[in-house]
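Here are some exercises for you to try with the structure open beside you. Have a go at each task before you read the worked solution.

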Amino acid sequence: MTAAEYWDKYKPHRGEGAERRPVADRFDWTGIPGSGPGAEVLGEPKTALDLGPAEGENAAFLTRAGVEVIGVDFSPVQVRRAREFWSDVPGLEFVHAEACAFLDGDLRWWDAIYSTWGAVWFTDPDALAPRVLRRLSPGGVFAFSHREPITGQFGAQQMGGKWLEGREKELTVYRWQYSAEQWAGVLKLHGFVDIRSEVLPHPDAGSLGTLLVRACAPR
């Protein structure tokens, strides 16, 4: 099993076909219906790159609003499913590629690059952040979200879960998570400016919230 094959198994209950696609009636950073800010975090981009879109509902929402969007995911199953889900949305494109490899090979500039509980969470920021910065237009927005980290569990954390139990020697999947303050430091180190990072509380007391980070490329 490869890391991409691990993500092939993401949300198997959803199935395939446009009739089973998720709702795309707002831009969602938290995964909790009606919770948190929306697409205004990205400003008013004309172009946007979604890193790790999986089902692609945020990309579909932006495309319907007139933004030129490409979603990049390294799971072929998720790419195929997203294409089927949103085949009726003209101009929306999903590409099968690893995030860093795509940013190295595609020389377009983007007004916004974002990730919602996606590839930014699962890619070494020292590899990804400089690549994102090189592909952002001057003043462009880099924004991403992931689960609020547990205190003390910062940096690269080995994931568990039912598809990984007992297979530690075969496949290791990491996620990189930091506090709001740590993320601000990481992005500042790589040249981003106007950095804002915060934890959006979960509506259920005692549940972990969502960490949301927004930064810009220098003008």
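**Exercise 1.** Decide whether Asp-104 is buried, partly exposed or exposed, then find its salt-bridge partner and work out which parts of the chain the pair ties together.

*Solution.* The model you are looking at is predicted.
- Step 1: Buried means under 20% relative accessible area and exposed means over 50%, with partly exposed in between. Asp-104 has a relative accessible area of 42%, so Asp-104 is partly exposed.
- Step 2: Asp-104 forms a salt bridge with Arg-134, and the closest N and O atoms are 4.0 Å apart.
- Step 3: Asp-104 belongs to helix α4 and Arg-134 to helix α5, so the salt bridge ties together parts that lie 30 residues apart in sequence.
- Step 4: Arg-134 is also assigned a class: with a relative accessible area of 46%, Arg-134 is partly exposed.
- Step 5: Now widen the view. Asp-104, Arg-131 and Arg-134 are linked in a network of salt bridges.

**Exercise 2.** Look at the salt bridge between Arg-21 and Asp-88. Where in the chain does each residue of the pair sit?

*Solution.*
- Step 1: A search of the whole structure finds four salt bridges. In one of them, the side chains of Arg-21 and Asp-88 meet at 2.8 Å, N to O.
- Step 2: Arg-21 sits in the loop between α1 and β1, while Asp-88 sits in the loop between α3 and β3. The two residues are 67 residues apart, and the pair links distant parts of the chain.
- Step 3: Check the accessibility. Arg-21 is partly exposed at 23%, and Asp-88 counts as partly exposed at 48%.

**Exercise 3.** Compare the two ends of the salt bridge between Arg-108 and Asp-106: is Asp-106 buried or exposed?

*Solution.*
- Step 1: The distance between the side chains of Arg-108 and Asp-106 is 2.5 Å, N to O.
- Step 2: Arg-108 has a relative accessible area of 34% and is partly exposed.
- Step 3: Asp-106 has a relative accessible area of 15%, so Asp-106 is buried.

**Exercise 4.** Trace the open sheet of seven strands. Which strands stand at its edges?

*Solution.*
- Step 1: Write down the strand order, which is β3-β2-β1-β4-β5-β9-β8, with mixed pairing.
- Step 2: Read off the ends. β3 (93-96) and β8 (193-200) each have a single partner strand, so one side of each has no neighbour in the sheet.
- Step 3: Zoom in on one pair. β1 (residues 47-51) and β2 (residues 68-73) run parallel, with five bridges between them. Leu-49 has Ile-70 in β2 as its bridge partner.
- Step 4: Add the helices. Helix α5 (residues 125-135) lies across β1, β4 and β5, running at about 145 degrees to β5. Helix α6 (residues 180-189) packs on the sheet too, touching β5, β8 and β9.

**Exercise 5.** Which residues touch the most other members of the largest nonpolar core?

*Solution.*
- Step 1: This core has 31 residues, and those that touch the most other members are Leu-49, Ile-113, Val-132, Phe-142, Trp-183 and Leu-187.
- Step 2: Among the elements giving two or more residues to this core are β1, β4, α5 and α6.
- Step 3: Follow Leu-187. Leaving aside neighbours within four places in sequence, its contacts include Ala-129, Phe-142, Phe-192 and Val-213.
- Step 4: Look for another core. A second, separate one of 26 residues includes Trp-29, Ala-59, Val-69 and Ala-143.

Definitions and conventions:
Residues numbered from 1 in each chain as written. Predicted model: local features only at pLDDT ≥ 70, side-chain atom pairs only at ≥ 80, totals over all residues. Heavy atoms only, no water. Pairing = 2+ DSSP bridges. Helix = DSSP H or I, 4+ residues; strand = E, 2+ residues; numbered from the N terminus. Contact = heavy atoms within 4.5 Å. Axes fitted to C-alpha atoms, helices over the stretch in contact; angles between N-to-C directions. Core = buried A, V, L, I, M, F, W, Y, C linked by side-chain atoms within 4.5 Å. Buried < 20%, exposed > 50% of the residue type's maximum accessible area, 1.4 Å probe, protein only.
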